[in-house]
Amino acid sequence: MTSALGFRVSKAVLSTIAPPIPLAYEWATRYHSPSPSRPLLDMSQGVPGNPPPDSVRQALGTAASSKESFGYGRWDGERSLREALVGEMRRVYSAKGTNEIEGGATDVDLRAEDVALTAGCNMAFMATAMSLADFGDEVILPVPWYFNHQMALNLLGVKAIGLPTHPEDGFMPSVERCAELVTSKTKAIVLVSPNNPTGAIYPPSLIASFLNLAREKNIALIIDETYRDFITTSSAPHHLFSSTNSSQPWRHTFIHLFSFSKSYCLPGHRLGAIVASPALLNSIKTILDTLQICPPRPVQMALAPLLPSLRGFLEANRNAISKRHKLFKTQLPKRWRIGAQGGFFAFVRHPFTGVVAWDVCRRLAVEGGVLTLPASFFRAEKPEVKEDVWDWPTVERNGEPLLEEDRWIRFSVANVDDEKVKRVCERLGECEEVFGWALEDLK
């Protein structure tokens, strides 16, 4: 039994939504498999489905046992890893394409001094937001948004201003609609590409347009590129780092965020990065010194000499996930429609005409043994107390049309293998019959 507290909890915490992932796993605890051959299939969380290669695991063990790793490091991380990351970014963002570069690209304007390493990309976002916005300010986020971004802003007393995206546009954000949302309180625009949760991959031209808008309005453009290494084209994700933009250097407006967790399959070791003007990083130094002192040292020491040798590992992972996306698309029952797909995620429209995605996901978990996340997780602004109804016929809204935003579900293809993808799709087809809910007509 939980006893009452003898003190008041922060209003900012109480007004922030509860973490959605633990709630989904609570649904999963209600699933009781009828046989060992029908286990829970988890396509909820964006987590790598395989460990890093042996070279990384061995290096981590060595680094963790070294005397040097037990002491504090620099606030911005080990210079060796910052230099190594810059080397990889020069390849990724070169206009020449990664396949044509040997020894680094000269058309990408990046230096180790532009990089600060953090204890995960969520830390990178929080520190960046703290450096830009004060209580009562505003930050624009495309909706559906990555819930931890909105949660972080709410904890700071910063208002997240939603920029709606739509399935008919492939969930691409509109620069014109964004411009209408900018006010005197706006401090930044935040993009995530490849997107979480939709999977949409923003083209370089769209990203460049957002940079121009941010410059025009004298606000920051923040892009979280956690999933950038899973873009299958050989061209650069964007050209904002180009050294040819001497008249409008990227450091004036652009802030890049990155996570090592997804690319290198080590989310438990918490390592991210902020790439920004040293003038901004000088302010972020105060925040990071308060929040983390220094990022975890063993993982930095392990990765620094290995990054170039891991390019083949990244390519193999990228190709495997790309093939899994194609498999998911071909195996998905016809009534389930993909609106966008990329990175770790596919955003799927469910076929039940009278049931919101929240209830579809709950029943999929409890009866179908398939764990996914409803789109409502990615647009909630305040804590909600939802009635815990498990009487499934009563959740169907007969004759009452649903909002389009209540039809969408996020599937993560990264943390399951190909066989599990097939089994998930089989169960989705089964649920169309077993659930007994009204279905869309096949087109």
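This briefing covers selected strands, their pairing, and one helix. The structure is a predicted model. Among its elements are an open sheet of four strands and helix 6, which spans residues 147–155.

**Strand 2 and its partner**

- Strand 2 covers residues 115–118, and the side chains of Val-115 and Leu-117 point one way from it, while Ala-116 and Thr-118 point the other way.
- In a regular strand, side chains alternate between the two faces of the sheet.
- Val-115, Ala-116, Leu-117 and Thr-118 are all buried, that is, under 20% relative accessible area.
- Strand 2 runs antiparallel to strand 8 (residues 272–275), and four bridges join the two.
- Within this pairing, Thr-118 has Gly-272 of strand 8 as its bridge partner.

**The four-stranded open sheet**

- The strand order in this sheet is 9-10-13-12, and the pairing is antiparallel.
- Strand 9 (337–342) and strand 12 (373–374) are at the edges; each has a single partner strand, so one side of each lacks a neighbour in the sheet.
- Strand 12 is joined to strand 13 (residues 408–412) by two bridges, and these strands run antiparallel.
- Leu-373 stands opposite Arg-410 of strand 13.
- Strands of a sheet pair through backbone hydrogen bonds, in either a parallel or an antiparallel manner.

**Helix 6 and the residue after it**

- Helix 6 is largely enclosed by the rest of the structure, because seven of its nine residues are buried.
- The buried residues are Phe-147, His-149, Gln-150, Met-151, Ala-152, Leu-153 and Asn-154.
- Gly-157, just after helix 6, adopts a positive phi of about 75°.

Terms used:
Residues are numbered from 1 along each chain as its sequence is written. This is a predicted model: local features need pLDDT of at least 70, side-chain atom pairs count only at pLDDT 80 or more; totals for chains, interfaces and linings use all residues. Side-chain values use heavy atoms; hydrogens and water are left out. Buried means under 20% relative accessible area, exposed over 50%, partly exposed in between (1.4 Å probe, protein chains only). Two strands pair if DSSP finds at least two bridges between them.
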